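This briefing is written for a reader at the bench who wants to find their way around a protein model residue by residue. Please keep the sequence and the structure open while reading the points below.

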Amino acid sequence: MKPKVIIRRCDRYDPGLIAGIIAEGMAELGVKPRGKVLAKPNVVLAHREVFPYAYTRPEFLEGALMAAKKVGGPEISELGVGERSGITVPTRFCFDQAGYPAVLRRQGAKAHYFDETPHRRVAVGAGGLRREIYLPRPVLEADFIFNLPKFKAHPWTRMTLSLKNFIGIQDDPHRLLDHNSFLEHKIADINQAAGQDFIAIDGIVAGQKMMLTPDPFDLGAIVMGTNPCAVDAVGCAMVRVQPSQLIHLKLAAARGLGPLDLNEIEICGDFPLDEVQRRTENFQFCLERVDDYFQDGPLTCTVGAFPEAHSRDYCWGGCPGALQEAMHILRGFDPLVESKMGKVRYVVGRVEGPLNLAPDEKVLFAGSCTSWQGEIDGESVIIKPSYLPPQAHNPHRRPGNDLIFKTVQALGRCLAGRGRRWLHAPACTMSVADHVHYLASLGGVANPNFDLRLLLPINLAYLRMRAGRLGHRLAG
Ligand code: SF4
């Protein structure tokens with residue numbers, strides 16, 4: 001039997017309306033939540049003013065939880081909502097900003113912050129990049145996984161739908177492991193190790209271009225199904241992307257997780273695909289190389305060659321995409337930032353030959369694969385690469401990627417580089433947060449990490465996160 005994917009019209013964030021649509025979708029697909037039900041929204045980052053479109057809206061979460069309770073009834077023993085937000089920001093902060101605590105209280109659901117819960121080793125299976133990965137205990141103990149992605153374009157992977165949403169179930173030590181030209185393989189690994197029982201995508205207001213700072217797009221749709229490959233293939237078709245262009249979807253399909261071909265999927269619902277496609281004619285993506293993307297402003301990029309044979313010309317999934325997100329974050333906090341920023345050259349990959357810097361231009365050598373040799377201000381500069389292939393990283397011995405530690409490390413590097421106009425930040429991948437620190441420092445603009453709208457609430461959430469982590473440890 002072909003897997004079914006339902007596209008339903010929904011033009012507003014009304015929890016009752018959303019609950020009705022999702023309950024009907026569950027009934028049509030013969031799905032009944034039971035036992036420990038774990039909902040996984042996309043809350044990669046949330047802030048009411050600066051990142052209002054990055055996350056699954058609270059009304060959508062509430063509607064989904066109401067639908068689960070209505071359909072599952074007494075067969076549900078526990079209702080939970082779990083996530084690990086991105087760029088090391090405590091998930092508690094993002095849940096607060098997304099307005100989730102009130103929803104959880106009203107629906108009697110429990111929050112599972114995956115940056116606090118223990119994680120366990122799980123086998124990936126045949127064809128995986130890694131033999132084992134780490135998954136949070138609530139995911140492993142769940143009887144029913146209810147995936148609630150946000151419908152968004154993505155600067156690294158073109159789209160983020162149901163498969164990509166599972167990046168948010170990894171803990172901090174593993175989040176950035178293989179988050180380079182192997183990102184697509186990593187997404188396939190996680191989905192191979194962790195199944196999902198029902199998917200409802202929040203496509204009421206979709207996100208265009210960026211994933212942390214998307215532009216809103218009135219799509220007016222909820223997409224539902226039980227097979228993530230089928231759902232994502234239809235999601236691609238909705239915005240006229242060939243499913244095979246979504247590399248992680250192609251990899252997941254090749255590993256037997258579901259179909260890629262729309263002929264192998266039954267598409268139903270009250271929102272016909274051709275009508276959706278007419279609506280999304282102007283839906284925008286941002287799958288652009290950074291040397292093309294940043295040209296006329298203070299930031300320009302020199303992109304060299306990359307170490308892995310499958311992606312010599314560009315590292316999709318790594319530092320360049322993080323640079324785009326970081327620049328959009330700076331713009332989010334200060335729309336005029338580019339008029340205030342000094343010139344910065346971003347150098348990534350193996351670069352040969354002179355950089356032809358302007359006299360006042362600063363340089364960020366980004367990432368551990370980067371190498372260059374030459375003169376800056378009459379001084380000889382040698383940037384040596386320290387990139388290691390995936391097999392050289394032991395997944396069982398990973399750095400913690402702690403928020404405070406990483407902040408201190410980045411600021412220390414900026415301080416040590418005072419008096420010079422270049423800075424080398426070796427990491428693979430260099431996170432969005434690190435990019436924000438370095439761009440702000442080299443460009444001489446305000447660092448959003450110290451914006452009063454973030455500083456106190458994030459640090460309070462960090463302390464609560466540490467306490468929560470300790471509590472889980474003590475409880476065993
Ligand atoms: S260090 Fe190089 S290979 Fe690693 S993520 Fe950055 S650009 Fe990609």
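What follows is a set of notes grouped by topic, beginning with the ligand and ending with single residues and their contacts.

The model described here is a predicted one. It contains a ligand surrounded by 13 residues, and the space that the ligand takes is the second largest cavity. Elsewhere, helix H3 (residues 91–98) is mostly covered, and a cis peptide bond joins Cys428 and Thr429.

**The ligand and its surroundings**

- Among the 13 residues that surround the ligand, the closest are Cys315, Cys319, Ser368, Cys369 and Cys428.
- By residue class, the shell around the ligand is made up of eight nonpolar and five polar residues, with no charged residue among them; cysteine is counted here as nonpolar.
- The element that gives the most to this shell is strand E15, which spans residues 362–376 and provides three residues.
- Cys315, one of the closest residues to the ligand, is placed in the loop between strand E13 (299–303) and helix H12 (319–333).
- Cys315 counts as buried because its relative accessibility is 11%, and the cut-off for that class is under 20%.
- Leaving out residues up to four places away in sequence, Cys315 touches Asn180, Ser181, Phe306 and Pro320.
- The C-alpha atoms of Cys315 and Gly256 are separated by 26 Å, with their positions 59 residues apart along the chain.

**Helix H3 and what packs against it**

- Seven of the eight residues of helix H3 (residues 91–98) are buried, namely Thr91, Arg92, Phe93, Cys94, Phe95, Gln97 and Ala98.
- These buried residues pack against three helices and two strands, which are helix H2 (58–72), helix H4 (100–107) and helix H16 (452–475) together with strand E3 (76–83) and strand E4 (110–113).
- Gln97, which has its place in helix H3, has a relative accessible area of 11% and is therefore counted as buried.
- Apart from neighbours within four places in sequence, Gln97 is in contact with Ala46, His47, Arg48 and Tyr55.
- Helix H3 is followed by Gly99, a residue whose phi is positive and near 80°.

**Backbone geometry that stands out**

- As background for this group, most residues other than glycine have a negative phi, and most peptide bonds are trans.
- The peptide bond that joins Cys428 and Thr429 is cis, with omega at about 5°; Thr429 lies in the loop between strand E17 (422–425) and helix H15 (432–443), while Cys428 is one of the closest residues to the ligand.
- Arg158 is not a glycine, and yet its phi is positive, at about 80°; this residue lies in strand E9 (residues 158–160).
- Arg158 counts as partly exposed because its relative accessibility is 22%.
- Asp178 is another residue other than glycine with a positive phi, in this case near 65°, and it lies in the loop between helix H6 (172–175) and helix H7 (183–193).
- With a relative accessible area of 6%, Asp178 is buried, whereas Arg158 is partly exposed.

**The annotated domain and Gly235**

- According to an unreviewed UniProt entry, the annotation "domain: DUF362" covers residues 37–236.
- Over residues 37–236 the chain is 30% helix and 31% strand, and the C-alpha atoms at the two ends are 28 Å apart.
- Gly235 has its place in helix H8 (residues 228–238), and because its relative accessibility is 0%, it counts as buried.
- Not counting its neighbours within four places in sequence, Gly235 is in contact with Phe151, Met159 and Leu161.
- Although Gly235 and Lys2 are 233 residues apart along the chain, their C-alpha atoms are separated by 17 Å.

**Glu28 in helix H1**

- Glu28 lies in helix H1, which covers residues 15–28, and at 41% relative accessibility this residue counts as partly exposed.
- Setting aside residues up to four places away in sequence, Glu28 touches Lys4, Ile6 and Cys268.
- For the pair Glu28 and Lys4, which are 24 residues apart along the chain, the C-alpha atoms are separated by 9.3 Å.

Conventions: Residues numbered from 1 in each chain as written. Predicted model: local features only at pLDDT ≥ 70, side-chain atom pairs only at ≥ 80, totals over all residues. Heavy atoms only, no water. Near = heavy atom within 4 Å. 1 Å grid on protein atoms, 1.4 Å probe; cavity = no way out; pocket = protein on both sides within 12 Å on 5 of 7 lines; lining within 4 Å. Sits in = over half its atoms within 2 Å of the grid points. Helix = DSSP H or I, 4+ residues; strand = E, 2+ residues; numbered from the N terminus. Buried < 20%, exposed > 50% of the residue type's maximum accessible area, 1.4 Å probe, protein only. Contact = heavy atoms within 4.5 Å. UniProt positions renumbered as here; feature names shortened; annotations may be inferred.
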